[in-house]
Amino acid sequence: MQDRPHQQPHGFHRRIPLRPDQMTAETTPAADVIVLCHLGVPQLSAPDWSMTIDGMVRKPFKLSFADLERYPIRRVESVHQCAGIPSQPRQATRRICNVVWGGVRLSDVLADAGVEDNAKFLWSTGADWGAFEGIEVQAYQKDLPLPRALSDDVLLAFAMNGAPLSAENGFPVRLVVPGFFGTNSVKWLTRLTLSDRRADSPFVTRWYNDPVLDAAGKSTPATRPVWSLHPEAIIVAPAPDGQLMAGKPTTIWGWAWGDGAIAKVEVRTGDRAPWQHAQLARRRQRAWQRFSFDWTPENTGSVEIAVRAASVDGEIQPETEWRNCWHRVGTTVI
Ligand SMILES: Nc1nc2c(c(=O)[nH]1)N[C@H]1C(S)=C(S)[C@@H](COP(=O)(O)O)O[C@H]1N2
Ligand SMILES: [Mo]
């Protein structure tokens, strides 16, 4: 059944994400979760579903949905972010949400296949098929460095926020790679292949490779796969283009995340104001972290509030021109 399943819709499909000021819920309701399907939405059934594990393994096998459910069930709360249009890494699209995934550990299933010592990458293939940017493909396919694939929080997921996945989000089973951009979390899984080389799908070789930048921020010919999330912070409140009252305390707050945990979020209340530390909640699993900063505006007029985050490994957000550039919100103090 995995060859050319019926797709509804057939072709590119996505859901318009929430605006940052709408991202008030810590756990994003399933109906508001981002959706990005390059080729279409395969309509699959759980009883008919199976997935093949092959390549550099000692015991290749096929797994049914019932087989999958026999492994210990794990829940991982994680930020889920789309990198945006692959050719536009300089565009900040803020397609982001935070959900609780349910499923089984990929490493538990791979242990039963017996991964060979010289395997270096895990290729994952989905049931979706068709054309993207005029190129016809048999299936959506991505790859991961094996150490990452084997990390404890990588799931073969069948649930989101306690309910079965929707068709759009990968029913019945998808990969979830917390800390990596959404593009790596392949939906509607049909095959996992262990290999000693990168996969050759255009979603690996052509799309989802960022230019490496030089010291001046210019693109160089070198590229890097779109894998780890960059540190990023978004302002939920205040909403853009609103009004604040001079002399009245307000709380600037939002979410921050990255592949590594966020160590610090700074807030600036105006171009010439100093950067100040926001309060920052500890990270739970791989969830986004809430930051807040209490502020009493003094002067009337328009103000641009900006935030920037730094991760525990010292990576910081660029000011402009990258998908995780500083988030800014304009407001008027009256
Ligand atoms: N099989 C398959 N998996 C896929 C995709 C796809 O088009 N086909 N899109 C990827 C991209 S770019 C993103 S951002 C996430 C989105 O997952 P969601 O639609 O469940 O939010 O799925 C990824 N996995
Ligand atoms: Mo994406």
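Into which domains is the chain divided? In this predicted model, the chain splits up into domain 1 (7-225) and domain 2 (232-333). Measuring from C-alpha centre to C-alpha centre, domain 1 and domain 2 sit 29 Å apart. Their contact draws on 31 residues from domain 1 and 22 residues from domain 2.

How much area do the two domains bury between them? The size of an interface is often given as the accessible area lost when the parts come together. Here, about 2,400 Å² is buried between domain 1 and domain 2, with carbon and sulfur atoms giving 52% of that area. On the domain 1 side, the residues that lose the most area to domain 2 are Glu77, Arg90 and Arg94, which together make up 25% of what that side buries. Charged side chains also pair up across the contact: seven salt bridges are counted between domain 1 and domain 2. Arg90 turns up again in a salt bridge with Glu321, where the closest N and O atoms are 3.2 Å apart.

Then there is the matter of empty space. The largest pocket holds about 420 Å³ of it, and 21 residues line this pocket. Nearest its centre are Arg224, His230, Glu315, Trp322 and Asn324. Strand S17 (209-213) and strand S18 (219-225) are the elements that each give two or more residues to the lining. Sorted by class, the lining has 10 nonpolar, six polar and five charged residues. Why does the largest pocket lie between domain 1 and domain 2? Because both domains give residues to its lining, the pocket is placed between them.

How values were computed:
Residues numbered from 1 in each chain as written. Chains lettered and ligands numbered in written order. Predicted model: local features only at pLDDT ≥ 70, side-chain atom pairs only at ≥ 80, totals over all residues. Heavy atoms only, no water. 1 Å grid on protein atoms, 1.4 Å probe; cavity = no way out; pocket = protein on both sides within 12 Å on 5 of 7 lines; lining within 4 Å. Points joined across faces, edges and corners; volume = space filled by probe spheres on them. Helix = DSSP H or I, 4+ residues; strand = E, 2+ residues; numbered from the N terminus. Nonpolar A, V, L, I, M, F, W, Y, C, P; charged D, E, K, R; others polar. Domains from an automatic or database assignment. Contact = heavy atoms within 4.5 Å. Buried area = accessible area lost by both parts, 1.4 Å probe. Salt bridge = Lys/Arg side-chain N within 4 Å of Asp/Glu carboxyl O.
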